[in-house]
Amino acid sequence: MSTASTPPIDATTTPSWADLTAHQAALTPDLRAWFAQDPGRAARLTFDAADLHVDLSKNLVTDETIALLVRLAQDVDLAGRRDAMFRGDHINVTEDRAVLHTALRRPSGASPALTVDGQDVDADVHGELAKVYAFAEKVRSGKWTGVTGERVRTVVNIGIGGSDLGPVMAYEALLPYKAEDLDVRFVSNIDPTDVAEKTAGLDPRTTLFIVASKTFGTLETLTNARLARDWLWTELAAVDALDDSEEARTAAVGKHFVAVSTALDKVAAFGIDPANAFGFWDWVGGRYSVDSAIGTSLAIAIGPARFEEFLAGFHAIDEHFRTTPIEQNVPALMGLLNVWNVNFLGAHTHAVLPYAQYLHRFPAYLQQLTMESNGKSVRWDGSPVTTETGEVFWGEPGTNGQHAFYQLIHQGTRLVPADFIAVANPAHPLVDTAAGDEPVDVHSLFLANFFAQTKALAFGKTADEVRAEGTAEDLVSARVFSGNRPTTSILAPALTPSVLGQLIALYEHITFVQGVVWGIDSFDQWGVELGKKLANEIAPAVTGDAAALAAQDPSTQALIGWYLEQRS
């Protein structure tokens, strides 16, 4: 059985890795022939996980490839590592922590109860959720008011990284479910433009700020929180809702600011009542935290009942991943396919292409989830990795991407595996009545593009097919599509809170699977620390400290010098 302290198995030394290497060397991908010769291929390589219908058949794999990848999962003890995560072993080795984002969505009364490091995790999670839900209902009902007694109309979430990317992505994805009389804005960037634009036009009397920082010490978040506090005081004074006394200012902060943090002393020092601080735990990484109190802004927007559906979606995929054999386990298979694409087919990037406009922030969310988790060059025991790790995740919604970067995916020299995501039933089923003789269901037209793109990428167009269209011979080569470009299609009935939770959990577990194969700790993020430390050291130089400037390297000195000369 795999435990947190067990050294990682070097996947490259396993029999299955050697067999995969030989298999790849002998493989000539030919999706056209594979489908023509095997009418059951699509059915055999299509799987359901909760509400997600996932077609893996257009990937560059045969049954032998899948069997070898399943053997690789066995050789690296994927199931053991998975079980260790679910039971709360300290698999985040470098920080000596459990990894329990899956506990955030365990239903109340789940059996057996989850106790980790002497703590009743279920009780802790549901106790905090109850606080979040009670607060959300106060805001939604108008019982929570500002200093003038007016109800909240706009919530501004101040965070960065996982404290921003998750909530804003989920809020945008679930806009059809939000309360009509409430809007949410998100501030993350320390660029002062962000806070200025997000507070522009707001009424301070009806604005509530949520400051999301576990330690209440994140530079960007606390800077923006202070700017927001100054804005509040200034704007309240401008509408004669605040005098200049310290007591009045403190009261204003108490009515217009809450926190998501466990550093209650720092929360109180800022002016926020610790009773209005919602916590989470060190076993929740920021990029895995949208289903914790970090999602308070989302719970306010869509309401506790919908947030419960959101959590239930996560849990459905958790259970699928935890209990389904690897050969039918969707997150496991997708993670193993990513390993195949990276380590055996030489792919460096991975496109995520949602054919659902409400998911327009999903690729950006996945960038942090995947690249912060698996952008590592040492294994969890500190030894160097033995193969390539990580992928550059990127993407935009279809059909926008078709008119931008699909050219490279179709005819470029780089292999770019792509995940296409769509829903059968849109939030806005509009009909174009002026398109021709018959009304056109626009969503069906939209999805025709989805199906066409995956077909074109898989099967391409041969030179003979191009010639048959009457193309001049000197243009034939430019119009040939090689095909054999791997894609995965993910379909769902509709973009509900549950389905969004399922999609997030799916990619969380895909990321975990890759990390296990590569032997890395997918739950620390030391790579973000150096830049933050240096920024604090350089800040005095940027504000005129000559000694601090002299301590910098020549390039940095010159850049700061130019900046200071230009700053008016």
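Q: In which loop does Ala 50 lie?
A: In this predicted model, Ala 50 lies in the loop that runs between strand 1 (46–49) and strand 2 (52–55).

Q: What is the value of phi of Ala 50?
A: Phi of Ala 50 is near 55°, which is a positive value in a residue other than glycine.

Q: How do you know that the peptide bond from Ser 111 to Pro 112 is cis?
A: Omega of this peptide bond from Ser 111 to Pro 112 is near -5°, and the bond is cis. Pro 112 is placed in the loop between helix 5 and strand 3 (115–116).

Q: What is omega for the cis peptide bond that joins Gly 398 and Thr 399?
A: For the cis bond joining Gly 398 and Thr 399, omega is about 5°. Thr 399 belongs to the loop between strand 11 (392–394) and helix 16 (406–411).

Q: Why are helix 15 and helix 20 called roughly parallel?
A: Helix 15 (residues 362–374) and helix 20 (residues 497–518) pack at about 25°, with axes 10 Å apart. Angles under 35 degrees count as roughly parallel, and helix 15 and helix 20 are therefore described in that way. Their crossing is right-handed.

Q: Which residues make the contact of helix 15 and helix 20?
A: Helix 15 contributes Phe 362, Tyr 365, Leu 366, Leu 369, Thr 370, Ser 373 and Asn 374. Helix 20 contributes Leu 503, Ile 504, Tyr 507, Glu 508, Thr 511, Gln 514, Gly 515 and Trp 518. By class, this contact of helix 15 with helix 20 holds 8 nonpolar, 6 polar and 1 charged residues. Gly 515 is assigned to the polar class because Gly is counted there.

Q: What makes helix 5 oblique to helix 13?
A: Helix 5 (residues 78–87) packs against helix 13 (residues 304–323) at about 140°, with the axes 10 Å apart. The roughly antiparallel class requires an angle over 145 degrees, and the roughly perpendicular class covers 65 to 115, so an angle of about 140° falls outside both. Helix 5 is therefore oblique to helix 13.

Q: How many residues of each class are found in the contact of helix 5 with helix 13?
A: Arg 82, Met 85 and Phe 86 of helix 5 meet Asp 318, Phe 321 and Arg 322 of helix 13. This contact of helix 5 with helix 13 has 3 nonpolar, no polar and 3 charged residues. Arg 82, Asp 318 and Arg 322 are the charged ones, because Asp and Arg count as charged.

Q: What makes helix 5 oblique to helix 20?
A: The axes of helix 5 and helix 20 come within 10 Å and cross at roughly 125°. That value lies above the range of 65 to 115 degrees and is not over 145, so neither the perpendicular nor the antiparallel label applies. Helix 5 is therefore oblique to helix 20. The crossing of helix 5 and helix 20 is right-handed.

Q: Which residues of helix 5 and helix 20 meet?
A: From helix 5, Leu 78, Arg 81, Arg 82, Met 85 and Phe 86 meet His 509, Phe 512, Val 513 and Val 516 of helix 20. By class, the contact of helix 5 with helix 20 divides into 6 nonpolar, 1 polar and 2 charged residues.

Q: How much space lies in the largest pocket?
A: The largest pocket holds about 1,000 Å³ of space. It is lined by 40 residues, and the closest to its centre are Thr 218, Gln 525, Val 528, Glu 529 and Lys 532. Helix 7 (162–173), helix 9 (219–238), helix 15 and helix 21 (529–542) each give two or more residues to the lining. Helix 21 supplies the largest share, 5 residues. The lining of the largest pocket comprises 14 nonpolar, 16 polar and 10 charged residues.

Q: How much space lies in the second largest pocket?
A: The second largest pocket holds about 470 Å³. Among its 21 lining residues, Gln 357, Pro 426, Ala 427, His 428 and His 443 are the closest to the centre. Strand 12 (418–425) and helix 17 (442–459) each give two or more residues to this lining, and the largest share, 5 residues, comes from helix 17.

Q: How many residues of each class line the second largest pocket?
A: The lining of the second largest pocket has 15 nonpolar, 6 polar and no charged residues. His 428 and His 443 are assigned to the polar class because the charged class is limited to Asp, Glu, Lys and Arg, and His is not listed as nonpolar.

Definitions and conventions: Residues numbered from 1 in each chain as written. Predicted model: local features only at pLDDT ≥ 70, side-chain atom pairs only at ≥ 80, totals over all residues. Heavy atoms only, no water. Axes fitted to C-alpha atoms, helices over the stretch in contact; angles between N-to-C directions. Helix = DSSP H or I, 4+ residues; strand = E, 2+ residues; numbered from the N terminus. Left-handed = near helix turned anticlockwise from the far one by under 90°. Contact = heavy atoms within 4.5 Å. 1 Å grid on protein atoms, 1.4 Å probe; cavity = no way out; pocket = protein on both sides within 12 Å on 5 of 7 lines; lining within 4 Å. Points joined across faces, edges and corners; volume = space filled by probe spheres on them.
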